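This report walks through the charged pairs, the enclosed space, the helix packing and the backbone geometry of one chain. The sequence and the structure come first.

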Amino acid sequence: MRLTPGPARDLDLDTVDLFDLDLYGTGDPHPVWDVMRAKAPLHHQVLPDGREFWSVTRYEDVCRVLGDHREFTSERGTVPTHLGQDDVAAGVLLTSTDPPRHTEVRRPLGSKLTARAVKSWEDSIRRSVTRFLEPALDGEVFDLAEKALLLPAIVTGPLLGIPEKDWEELVQLTAMVAAPSDPHFQLGSEAATLAISHHELVGYVTEWVKVRRDSGAEDDSLLHHLMSVRPGGTPLSDQEIALDGYSILLGANVTTPHTVSGTVQALIEWPEQFGKAQADPTLIPNLVEEGLRWTSAACNFMRYATADVPVAGGVIPAGAAVVAWIGSANRDAAQFADPHTFDITRPNAKRQIAFGFGPHFCIGAPLARLTLRVFFEELLHRFDSLDLAGEPEHLRSYFISGMTHLPVAAQKRLIP
């Protein structure tokens, strides 16, 4: 979807289909969300097949829905591709579990992913990023979006305990989960793509655990750490390890590539911001926050109301699905002044909620922030300028905002 929106226009919200993939593949959802925040901050839609959902688009409402598990549960599924079909892994899968169970599993994993803990990975990440950028230094066309899909695997593969020979296959499978209707990743129908990718990913982690148990091998990887987690004093079952490992693989691979490509596209469109960051590298951490706000790669998350809940002047009925649009909340003018301007000096950029909000705030956020900071430090150090070398192609997904192709041509910096 376009990250820099076109001009505002009058819209009849009754005719807008928020699950129309063309709105994200070739369209422009930001003017739609602008109107929703202004005129219908609680919006109801019925799909042609009878499924229905509510939407919240304002920053405060999105934070409320994602932040209060007592009013809005995760235990029937959290991604809109599951709308109308309750998650069979509810109460087991980390992302489809409410506190206190969610907290009991999350806490020991989080201790491995704090900012202090991942700091020891910085040199390794920098070497990986340097190798990743090396082919772009010759000035030839470099498809950043396509190549960036592998970047998180390069960075997190060793941390997770995934051998390099498996990275490309796992990246492809996680992309299929994130965008099952995109022609780059689709195998047959959307349902078939989801079923195949779920089966293969869960099967991969299941076999990974089996091999470890059979061999008795131990290491410091995150997947191996899952085998020692004891929520409530009881070890996770192999099924729980497989599902949580699946969830971690998704979280590691799906969003960071699109944040990279979307932020680079913004720096090309706003060259004065590129110049500011290059002239003053202390701005790079805030560039990362603004890039996260701007791209909002995880475009939304879904919850279900546990009772009739008054929100934004209306009422979400008990049992109803509600989609919290993060991509809209991060462009809410009530929270971010001049929200459709990319500004790396924005004073409150860090209030963005690209990593979610509340109990399910992304557990890998410190590692993602570190990876993005190192990426842009190396990019700005090595390149004097970046230009588009072709038209970007956007992901056909209403769940993940991203690109499948972003051809760029870089000019090497002569005096770093």
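## Salt bridges

In this predicted model, the side chains of Arg293 and Glu290 meet in a salt bridge, with 2.9 Å from N to O. Both residues belong to helix α15 (residues 284-295), where they are three residues apart, or about one turn of the helix. Arg293 is buried, and Glu290 is buried as well. Side chains of opposite charge can pair when their charged atoms come close, and the structure holds 21 salt bridges.

A second pair, formed by the side chains of Arg213 and Asp238, has an N to O distance of 2.7 Å. This salt bridge links distant parts of the chain, since Arg213 lies in helix α10 (residues 190-215) and Asp238 in helix α12 (residues 238-254), 25 residues apart. Arg213 counts as partly exposed because its relative accessibility is 41%, and Asp238 counts as partly exposed because its relative accessibility is 38%. Lys165 and Asp166 also meet through their side chains in a salt bridge, at 3.1 Å from N to O. Here Lys165 is exposed, with a relative accessible area of 71%, whereas Asp166, at 10% relative accessibility, counts as buried. Beyond these pairs, a network of salt bridges links Lys119, Glu122, Arg126, Arg373, Glu377, Glu378 and Arg382.

## A buried acid without a partner

Which residues of helix α3 are buried? In this helix, which spans residues 59-67, they are Tyr59, Asp61, Val62, Cys63, Val65 and Leu66. The elements that cover the buried residues of α3 include the strands β2 (52-56), β3 (72-73), β5 (300-305), β6 (309-311) and β8 (321-325), together with α16 (326-329).

Asp61, which has its place in helix α3, is buried and yet has no salt bridge. The nearest side chain of opposite charge is that of Arg58, 5.0 Å away; a salt bridge requires a nitrogen to carboxyl oxygen distance within 4 Å, so this pair does not count as one. When residues up to four places away in sequence are not counted, Asp61 touches Pro41, Val56, Val311 and Ala312.

## Cavities

Rolling a probe the size of a water molecule over the atoms shows where empty space is left. The structure holds five cavities of 30 Å³ or more, and the largest cavity contains about 70 Å³ of space. Its lining consists of Leu149, Val171, Thr174, Ala175, Ala178, Ala179, Phe185, Asn253, Val254, His258 and Leu395.

By class, eight residues in the lining of the largest cavity are nonpolar and three are polar, while no charged residues are present. The helices α9 (167-178) and α12 each supply at least two residues of this lining, and the largest share, four residues, comes from α9. Helix α12 also holds Asp238, the partner of Arg213 in the salt bridge between distant parts of the chain.

## A mostly covered helix

Helix α8 (residues 151-160) is mostly covered, with nine of its ten residues buried. The buried residues of α8 are Leu151, Pro152, Ala153, Ile154, Val155, Thr156, Gly157, Leu159 and Leu160. Gly161 follows α8 and has a positive phi, near 95 degrees.

## Backbone geometry

Most residues other than glycine have a negative phi, and most peptide bonds are trans. Against that background, the peptide bond from Pro99 to Pro100 is cis, with omega near 10 degrees, and Pro100 lies in the loop between β3 and α4 (101-110).

Ser296, a residue other than glycine, has a positive phi near 40 degrees, and its place is in the loop between α15 and β5. Asp338, likewise a residue other than glycine, has a positive phi near 45 degrees, and is placed in the loop between α16 and α17 (365-382). Are these two residues buried or exposed? Ser296 is buried, with a relative accessible area of 1%, whereas Asp338 is exposed, with a relative accessible area of 51%.

Technical notes. Residues are numbered from 1 along each chain as its sequence is written. This is a predicted model: local features need pLDDT of at least 70, side-chain atom pairs count only at pLDDT 80 or more; totals for chains, interfaces and linings use all residues. Side-chain values use heavy atoms; hydrogens and water are left out. Buried means under 20% relative accessible area, exposed over 50%, partly exposed in between (1.4 Å probe, protein chains only). On a 1 Å grid over the protein atoms alone, a cavity is a set of points where a 1.4 Å probe fits but cannot get out, and a pocket is an open set with protein on both sides within 12 Å along at least five of seven lines; lining residues have an atom within 4 Å of a point. Grid points are joined across faces, edges and corners, and a volume is the space filled by probe spheres set on the points. Ala, Val, Leu, Ile, Met, Phe, Trp, Tyr, Cys and Pro count as nonpolar, Asp, Glu, Lys and Arg as charged, and the others, Gly among them, as polar. Contact means heavy atoms within 4.5 Å. Lys and Arg count as positive and Asp and Glu as negative; His and the chain ends are not counted.
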